[in-house]
Amino acid sequence: AQQWVSSSFHPMHTGNVNLFECTIRIVGGLLSAFALSGEKIFLTKAAETADGMMPAFKTASGIPHSDVNLARGTADDPGPGGNVGISEPSSIQLEYRYLSRATGDPKYRQVADKAMDVLLSLPKRDGLADMFVSSRSGRSAGGRITLGARVDSYYEYLLKQWLQTGKSEDKFRSAWEDAVAGIKKHLVVSLWALGWTATTSIC
């Protein structure tokens with residue numbers, strides 16, 4: 001794997017990628033390999049890939065575009081109405097924070113933290129977030145409230161960010177606790193006839 005990454009992995013030759021998917025799978029995978037092996041090539045390639053995705057963060061709102069063309073250095077939002085699923089800008093912080101710590105370059109953490117701060121400031125329904133956010137305005141853009149696709153990892157990363165910071169940034173724990181209370185209040189349903197507990201979504 002190390003030899004292939006060194007000789008054959010050239011992220012800047014790639015076309016369109018999704019910021020969220022590329023971050024958690026490619027950058028995250030390379031950083032995991034670096035953490036386990038200590039081999040610098042994995043860190044170098046992780047930083048190279050993240051550098052290629054920096055155009056996504058060139059927005060006035062701080063919410064990144066969802067898609068990036070690594071070869072061209074362009075970014076856009078091809079999703080519904082040009083909006084971004086909230087799970088995308090809220091599920092890159094672990095990787096970019098670790099990348100900044102490993103490289104000593106704060107820019108990765110700064111762009112990820114800026115996006116998260118915008119998301120935390122958005123109005124919620126008992127801690128529950130709307131499905132979409134606009135990268136242009138940084139405002140909620142509606143959609144169902146759910147634990148499903150386009151939202152799920154927003155809640156997951158709240159707790160993980162609190163843990164990653166050594167439990168020192170309580171804004172993440174507070175947002176997580178508010179969300180859990182909202183989930184119990186609005187999204188958990190009991191199907192007594194079947195003996196099941198399930199989750200639903202609301203408008």
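**Figure 1. Order of helices and strands along the chain.** Read along the sequence, the protein chain runs α-β-α-α-β-β-β-α-α-β-α-α-β-β. That pattern holds seven helices and seven strands. Helices (H or I, at least four residues) and strands (E, at least two) are DSSP runs, numbered from the N terminus. The model is predicted: local features need pLDDT of at least 70, side-chain atom pairs count only at pLDDT 80 or more, and totals for chains, interfaces and linings use all residues. Residues are numbered from 1 along each chain as its sequence is written, and side-chain values use heavy atoms, with hydrogens and water left out.

**Figure 2. The whole chain.** The radius of gyration of the protein chain is 18 Å, close to the 17 Å that the globule rule gives for 203 residues, so the chain is as compact as a globular protein of that length. This radius is taken over C-alpha atoms, and the globule rule is 2.2 Å times the number of residues to the power 0.38. The C-alpha atoms fill a box of roughly 60 × 35 × 35 Å, taken along the principal axes. Of the 203 residues, 45% count as buried. Buried means under 20% relative accessible area, exposed over 50%, and partly exposed in between (1.4 Å probe, protein chains only). The accessible surface comes to about 10000 Å², and 53% of it belongs to carbon and sulfur atoms. Accessible areas come from the Shrake-Rupley method with a 1.4 Å probe; for residues, only the protein chains shown count as cover. Among contacts between residues at least 6 apart in sequence, 63% join residues at least 24 apart. A contact means heavy atoms within 4.5 Å.

**Figure 3. The largest nonpolar core.** This core has 25 residues. A nonpolar core is a set of buried Ala, Val, Leu, Ile, Met, Phe, Trp, Tyr and Cys residues joined through side-chain atoms within 4.5 Å. Leu19, Met53, Phe57, Tyr96, Leu99 and Tyr108 have the most contacts inside the largest core. Four elements give two or more residues to it: α2 (19–37), α3 (40–52), α4 (93–103) and α5 (107–121). Helix α2 gives the most, with six residues. Leaving aside residues up to four places away in sequence, Phe57 touches Leu19, Pro64, Ile92, Tyr96 and Val111. Apart from the largest core lies another, of 24 residues, among them Ala129, Phe132, Val133 and Ile183.

**Figure 4. Helix α4 and its cover.** The buried residues of α4 are Gln93, Leu94, Glu95, Tyr96, Arg97, Leu99 and Ser100. Their cover includes α2, α3, α5, α6 (152–164) and α7 (170–187). Just after α4, Gly104 takes a positive phi of about 80 degrees.

**Figure 5. Glutamine 93 up close.** Gln93 is found in helix α4. Gln93 is buried, with a relative accessible area of 0%. Its side chain reaches two backbone oxygens: that of Pro89 at 2.9 Å, and that of Ala112 at 3.0 Å. A polar contact is a pair of N or O atoms within 3.5 Å; within protein, one must be able to donate a hydrogen and the other to accept it, and residues adjacent in sequence count only if both atoms are side-chain atoms. Not counting residues up to four places away in sequence, Gln93 touches Ala112, Ala115, Met116, Tyr157, Gln161 and Gln164.

**Figure 6. Valine 68 in strand β2.** Val68 is found in β2 (residues 67–69). Val68 is buried, with a relative accessible area of 0%. Beyond its neighbours within four places in sequence, Val68 is in contact with Gly15, Asn16, Val17, Gly52, Met53, Ala56, Thr74 and Ala75. The C-alpha atoms of Val68 and Trp4, 64 residues apart along the chain, are separated by 24 Å.

**Figure 7. Tryptophan 176 in helix α7.** Trp176 has its place in α7. Trp176 is partly exposed, with a relative accessible area of 28%. Not counting residues up to four places away in sequence, Trp176 touches Tyr155, Leu158 and Leu159. Trp176 and Lys160 are 16 residues apart in sequence and 9.8 Å apart in space, C-alpha to C-alpha.

**Figure 8. The β6–β7 hairpin.** Strands β6 (residues 188–191) and β7 (residues 196–199) pair in the antiparallel sense over four bridges. Two strands pair if DSSP finds at least two bridges between them. Leu191 stands opposite Trp196 in β7. The bridge partner of Ser190 in β7 is Thr197. Four residues lie between the two strands of this hairpin, and Gly195 in the turn has a positive phi of about 70 degrees.
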